[in-house]
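Please open the model in a viewer and keep the sequence at hand. This tour proposes one selection after another and states what is to be found at each stop.

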Amino acid sequence: MDLTTENGIIEYARSLPGVVAVTADAAGGAPEVAWGDTFFFHDPDGESPRRMPFATLVTKDYAGFDTASDLDRPGVFRLNVSVGRRAFEELIGHPPAAHQQHHDAYDYTATDRLLPHPAYAVQAWVCILNPGPATTGLARDLLADAHARAARPTT
């Protein structure tokens, strides 16, 4: 599967066991700002309350909130993945809680690079704008790991 395209990412995520991919639209009752964005949940029975996705695919800026990636550029999209605190620190080089101190060090508009999520780094989310040759393998691994974490039974 080609993880350099939105459809390829959606297809790959859907191939993971128990994954439901929901692309927000008016028919599903999603707020208009989210229309076109895709949310990935582990929901093997299709009946679990979907409270928190393990990854998302965002296609546009959210005015007044999430604009640092300049997603309103033609053809630009962002894969966002929840990685957990330990993996975030290993991947990014600082703990999620310290991200605000490092925020200005990142170019959130850069494509084909692993970055802390501009709005959700503190919650241990990372992102890749338009995965390409440098990051498609990483994108695949991050999605698989996030899925595995989401699939773990809660006790």
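Which residues on the two faces of β3 are buried? Select A55 and L57, which lie on one side of the strand, and then T56 and V58, which lie on the other. These four residues are all buried, and both faces of β3 are thus covered. Please keep in mind throughout that this is a predicted model.

**First stop: the sheet**

Now display the strands together. They form an open sheet of 6 strands in the order β1-β2-β3-β4-β6-β5, and the pairing is antiparallel. In general, the strands of a sheet pair through backbone hydrogen bonds, in either a parallel or an antiparallel manner. Colour β1 and β5 separately: these two strands stand at the edges, and each has a single partner strand, so one side of each is left without a neighbour in the sheet. From one strand to the next, the twist averages 20°.

Return to β3 and examine its pairing. With β2, strand β3 pairs in the antiparallel sense over 3 bridges. Select F40 and A55 together, since A55 in β3 is the bridge partner of F40. With β4, strand β3 again pairs in the antiparallel sense, here over 4 bridges. Select T56 next; opposite this residue stands N80 in β4. A55 and T56 therefore belong to opposite faces of β3, and both are buried.

Move on to β5 and β6. These strands run antiparallel and are joined by 3 bridges. Select P116 and look across to V126 in β6, which stands opposite. Then add residues 85-92, which make up helix α2. This helix lies across β5 and β6, and the angle at which α2 runs to β5 is about 120°.

**Second stop: the salt bridges**

How many salt bridges does the structure hold? There are 3 salt bridges, and each may be visited in turn.

Begin with D37 and K60, whose closest N and O atoms are 3.0 Å apart. The pair links distant parts of the chain, 23 residues apart. D37 is in the loop between β1 (19-23) and β2 (38-42), while K60 is in the loop between β3 (55-58) and β4 (78-82). Why does D37 count as buried? D37 counts as buried because its relative accessibility is 0%. K60 also counts as buried, at 19% relative accessibility, since the cut-off for this class is under 20%.

Next, select D66 and R78, whose side chains meet in a salt bridge at 2.5 Å from N to O. D66 lies in the loop between β3 and β4 and R78 lies in strand β4, so this pair ties together parts that are 12 residues apart in sequence. Both D66 and R78 are buried.

Finally, select R73 and D70. Their side chains meet in a salt bridge at 3.6 Å from N to O. Are these residues buried or partly exposed? R73 is partly exposed, with a relative accessible area of 26%, and D70 is likewise partly exposed, at 32% relative accessibility.

**Third stop: the aromatic rings**

Two views are of interest here. The structure holds 2 aromatic pairs. One of them is formed by Y106 and Y108, with 5.9 Å from centre to centre and 45° between the planes, an arrangement that counts as tilted. Y108 is buried, with a relative accessible area of 5%.

Then select Y12 and R140. R140 lies over the face of Y12, at 5.0 Å from the ring centre.

**Fourth stop: two loop residues with positive phi**

Most residues other than glycine have a negative phi. The next two selections depart from this pattern.

Select D112, in the loop between α3 (99-102) and β5 (114-116). Its phi is near 55°, a positive value in a residue other than glycine. D112 counts as buried, at 18% relative accessibility.

Which residue in the loop between β6 (125-129) and α4 (136-151) should be selected last? The residue is N130. The phi of N130 is near 45°, again a positive value in a residue other than glycine. N130 is buried, with a relative accessible area of 19%.

Notes
Residues numbered from 1 in each chain as written. Predicted model: local features only at pLDDT ≥ 70, side-chain atom pairs only at ≥ 80, totals over all residues. Heavy atoms only, no water. Buried < 20%, exposed > 50% of the residue type's maximum accessible area, 1.4 Å probe, protein only. Phe/Tyr/Trp six-rings, centres within 6.5 Å; stacked < 30°, edge-to-face > 60°. Lys NZ or Arg CZ within 6 Å of the ring centre and 35° of its normal. Salt bridge = Lys/Arg side-chain N within 4 Å of Asp/Glu carboxyl O. Pairing = 2+ DSSP bridges. Axes fitted to C-alpha atoms, helices over the stretch in contact; angles between N-to-C directions. Contact = heavy atoms within 4.5 Å.
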